[in-house]
Amino acid sequence: MAEATKRVTPGPLVVSSRLKSVCVALMFVGIATFVVMLMRDRDRAWHDYLAAYFYFFILAIGGMFFTAVQHLTKAGWSVNVRRFCEAFAAYLPVAAVGGLILLFGAHSLYEWFDSAKVAGDELLQHKSGYLNPTFFVVRMILFFGMWMFFANRLIGYSTKQDTTGDESLTVKTVPWSIAFLLTFAISFSLFGVDLVMSLQPHWFSTIFGVYLFAGLFQSTIATMILLIQYCQKKGLLVGYVDENHMHDLGKFLFAFTVFWAYIAYSQYMLIWYANLPEETSFFLPRVSGSWMYVSASLLMFKFVVPFLALLSRRAKRDPNMLKAIAILLLVMQYVDLHWLIFPNLNAEQVLLGLPEILIWAGFGGAFVLVVTRFLSKHPIVPIRDPRIQESLHHHVVY
């Protein structure tokens with residue numbers, strides 16, 4: 001009973017006008033930087049745009065993935081943290097608009113958009129049935145249409161339950177979650193091929209989609225941890241989210257740190273061992289010159305340091321350690337995307353400077369604004385979910 005009296009039902013997040021102003025300012029700076037870069041170096045501007053765009057897109061679709069998995073597995077422990085991932089998915093309509101804007105820079109990014117280059121390249125002609133501008137646009141519209149449809153269903157049921165308390169809505173999420181996850185597996189992989197792998201259309205990897213997925217889930221969990229800690233600092237989750245919930249999120253972060261390294265190694269080792277020119281063309285510039293140091297930093301700071309830091313039980317229950325590693329992994333996620341995208345623009349020099357940071361910050365401002373706006377309209381905990389008691393009494397068992 002004493003525990004119940006301490007627990008205050010959390011309502012929507014109160015977003016300060018200062019935070020809103022900061023987000024709007026970041027968006028303005030990002031847009032201004034992008035426009036200036038378009039005038040100075042069009043190709044670099046669009047590569048900057050793609051890296052920042054894809055970074056925040058994967059957080060949105062990652063939120064949908066986490067939400068769907070919780071519904072499918074009928075998980076109870078995650079009820080009190082699920083709303084934050086639902087908020088990430090609210091960014092999908094913005095990402096859809098951003099994808100349409102990206103089409104204006106496709107000629108600066110993808111050589112297969114140039115009919116003259118396709119006509120002079122036998123391999124591009126062979127792939128033109130898939131890699132062609134019309135089908136690219138159709139796929140983008142189709143993918144976002146499906147993702148937003150599922151988001152409307154899954155998140156709509158969840159927020160509707162806040163008002164009605166109808167337990168049948170929880171049951172309805174299961175078949176929709178199954179359908180989304182099956183769709184996600186195919187569509188996200190193809191979307192990653194379209195936007196990132198086709199930057200170098202002569203190269204291919206059969207596990208590239210899995211590689212992107214590993215970074216997606218890792219960065220989604222890291223962002224969840226930071227957002228939850230922000231709300232905890234404001235005293236909004238007392239009695240609802242404790243060290244046991246954060247421990248589980250820490251275990252996810254640790255697990256996908258290992259999984260990312262496993263997929264990265266598998267992709268590199270098989271290509272290195274086969275030593276086929278059409279495959280090694282991707283890694284050669286990334287293991288030589290200045291890009292070699294970026295590759296080494298990924299190994300060290302996206303795997304070795306997080307792996308060792310999160311290895312113990314105590315570390316996963318330490319808020320400061322979780323925060324530090326989450327921030328580190330989110331930084332390295334951008335470095336990873338930069339490593340995937342920018343050698344196609346300049347294989348000799350690492351172009352990572354103020355323009356990249358400011359354009360990324362512009363997208364970040366938009367993402368934070370959308371996420372906090374969603375949380376300001378809905379309770380940050382789905383208080384009427386029928387499984388909430390399991391989350392309220394969640395304990396990590398060994």
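# Exercises on a predicted helical chain

The chain carries 30 positive and 24 negative side chains, and the centres of these two sets are 11 Å apart. The model is a predicted one, and the exercises below move from the chain as a whole to single residues.

## Exercise 1: The chain as a whole

Task: Work out which kinds of secondary structure the chain has, and why it can be called as compact as a globular protein of its length.

Solution. Begin with the secondary structure: the chain contains 18 helices and 0 strands. Next, take the radius of gyration, which is 22 Å and therefore close to the 21 Å that the globule rule gives for 398 residues, so the chain is as compact as a globular protein of that length. Then look at the extent of the C-alpha trace, which spans about 75 × 40 × 40 Å along its principal axes.

The next step concerns burial and surface. Of the 398 residues, 53% count as buried, while the accessible surface comes to about 17,700 Å², with 67% of it belonging to carbon and sulfur atoms. Finally, consider how the contacts are spread along the sequence: among those between residues at least 6 apart, 83% join residues at least 24 apart.

## Exercise 2: Two aromatic pairs

Task: The structure holds 60 aromatic pairs; find how the rings of Phe34 and Trp46 are arranged, and which parts of the chain this pair ties together.

Solution. Start with the geometry of the rings: the centres of Phe34 and Trp46 are 5.0 Å apart and their planes stand at 80°, so the pair is edge-to-face, since planes over 60 degrees apart count as edge-to-face. Now place the two residues in the chain: Phe34 belongs to helix 2 (residues 17-40) and Trp46 to helix 3 (residues 42-72), so the pair ties together parts that are 12 residues apart in sequence. The last step is to check their surroundings, where Phe34 is buried with a relative accessible area of 11%, and Trp46 is buried with a relative accessible area of 4%.

The steps can be repeated for another pair, Phe282 and Trp339, whose ring centres lie 5.8 Å apart with planes at 90°, so this pair is edge-to-face. Phe282 sits in helix 13 (residues 277-283) and Trp339 in helix 16 (residues 319-341), so the parts tied together here are 57 residues apart in sequence. Both Phe282 and Trp339 are buried.

## Exercise 3: Two residues with positive phi

Task: Say where Lys74 and Asn275 lie in the chain, and decide whether Asn275 counts as buried or exposed.

Solution. Lys74 has a positive phi of about 55°, although it is not a glycine, and its place is in the loop between helix 3 and helix 4 (79-89). Asn275, likewise a residue other than glycine, has a positive phi near 55° and lies in the loop between helix 12 (243-274) and helix 13. To settle the question of exposure, compare the value with the cut-off: exposed means over 50% relative accessible area, and Asn275, at 54% relative accessibility, therefore counts as exposed.

## Exercise 4: Three buried residues and their contacts

Task: For Leu92, Phe150 and Gln161, determine the helix in which each residue lies and the residues that each contacts beyond its neighbours within four places in sequence.

Solution. Take Leu92 as the starting point: this residue lies in helix 5 (residues 92-102) and, at 0% relative accessibility, counts as buried. Beyond its sequence neighbours, Leu92 is in contact with Phe57, Ala60, Ile61, Met64, Phe144, Trp147, Met148 and Ala151.

Continue with Phe150, which lies in helix 9 (residues 133-164) and is buried with a relative accessible area of 8%. Its contacts outside the four nearest places in sequence are Met64, Trp176, Ala179, Phe180 and Thr183. The C-alpha atoms of Phe150 and Ala179 are 8.5 Å apart, with their positions 29 residues apart along the chain.

Finish with Gln161, which is in helix 9 and is buried, with a relative accessible area of 3%. Apart from neighbours within four places, Gln161 contacts Asp166, Glu167, Leu169, Thr170, Arg384, Asp385 and Pro386. Of these, Asp385 is 224 residues away from Gln161 in sequence, yet the two are 7.0 Å apart in space from C-alpha to C-alpha.

Notes: Residues are numbered from 1 along each chain as its sequence is written. This is a predicted model: local features need pLDDT of at least 70, side-chain atom pairs count only at pLDDT 80 or more; totals for chains, interfaces and linings use all residues. Side-chain values use heavy atoms; hydrogens and water are left out. Helices (H or I, at least four residues) and strands (E, at least two) are DSSP runs, numbered from the N terminus. Buried means under 20% relative accessible area, exposed over 50%, partly exposed in between (1.4 Å probe, protein chains only). Contact means heavy atoms within 4.5 Å. The radius of gyration is taken over C-alpha atoms; the globule rule is 2.2 Å times the number of residues to the power 0.38. Accessible areas come from the Shrake-Rupley method with a 1.4 Å probe; for residues, only the protein chains shown count as cover. Lys and Arg count as positive and Asp and Glu as negative; His and the chain ends are not counted. The place of a charge is taken as NZ of Lys, CZ of Arg, CG of Asp or CD of Glu. Rings of Phe, Tyr and Trp (its six-membered ring) pair if their centres lie within 6.5 Å; planes under 30 degrees apart count as stacked, over 60 as edge-to-face and the rest as tilted.
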